[in-house]
Amino acid sequence: SARSYEEACAMLNARQFDCITLDLGLGAHVGLDMLRHLAALHCAAQIVIVSQSDRDTCDDMVQLGQALDLNVHLFVQKPIDIALLRDTLENMRTQAVLAKLGPGQA
């Protein structure tokens with residue numbers, strides 16, 4: 001996990017991730033800054049947005065991420081339902097494994 005926008009950027013610049021949970025509350029930066037950074041890196045990771053913002057704002061961020069050709073799936077509202085987040089991440093992991101295997105290999 002990263003404690004700041006700058007720390008997150010450094011981590012993302014250093015290595016690739018399969019999945020990213022992106023909190024829209026990034027201190028002095030906004031979630032759109034991180035989405036732009038991820039797009040500049042041509043990030044292929046699956047992204048789940050986490051926020052306490054209202055549903056319309058979160059939906060807008062998902063659409064913006066998709067418009068930037070990012071693999072943004074959905075958002076999880078704060079306070080986080082840990083069971084829901086765990087299930088969401090497990091489903092995403094399963095989908096990623098199946099996609100790597102290719103058709104007919106699952």
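Reader: In this predicted model, what makes the two faces of strand β1 (residues 19-23) distinct?

Author: One face is covered and the other is uncovered. I20 and L22 lie on the covered face. C19, T21 and D23 lie on the uncovered one.

Reader: How do you know that β1 pairs with strand β4 (residues 46-51)?

Author: Pairing takes at least two bridges. Five bridges join β1 to β4, so the two strands pair. They run parallel. As one of the partners, Q46 in β4 is bridged to C19.

Reader: Why is H42 called exposed?

Author: Exposed means over 50% relative accessible area. H42 has 70% relative accessibility, so H42 counts as exposed. H42 sits in the loop between α2 (31-40) and β4.

Reader: What makes the phi of H42 worth a remark?

Author: The phi of H42 is positive, about 55°, although H42 is not a glycine. Most residues other than glycine have a negative phi.

Reader: Which loop holds D69, and why is D69 called exposed?

Author: D69 is in the loop between α3 (55-67) and β5. The relative accessible area of D69 is 70%. The cut-off is over 50%, so D69 is exposed. D69 also has a positive phi, near 65°, and is a residue other than glycine.

Reader: What is the omega of the peptide bond from K78 to P79, and is that bond cis or trans?

Author: Omega is near -5°, and the bond is cis. Most peptide bonds are trans. P79 belongs to the loop between β5 (71-77) and α4 (82-101).

Terms used
Residues numbered from 1 in each chain as written. Predicted model: local features only at pLDDT ≥ 70, side-chain atom pairs only at ≥ 80, totals over all residues. Heavy atoms only, no water. Buried < 20%, exposed > 50% of the residue type's maximum accessible area, 1.4 Å probe, protein only. Helix = DSSP H or I, 4+ residues; strand = E, 2+ residues; numbered from the N terminus.
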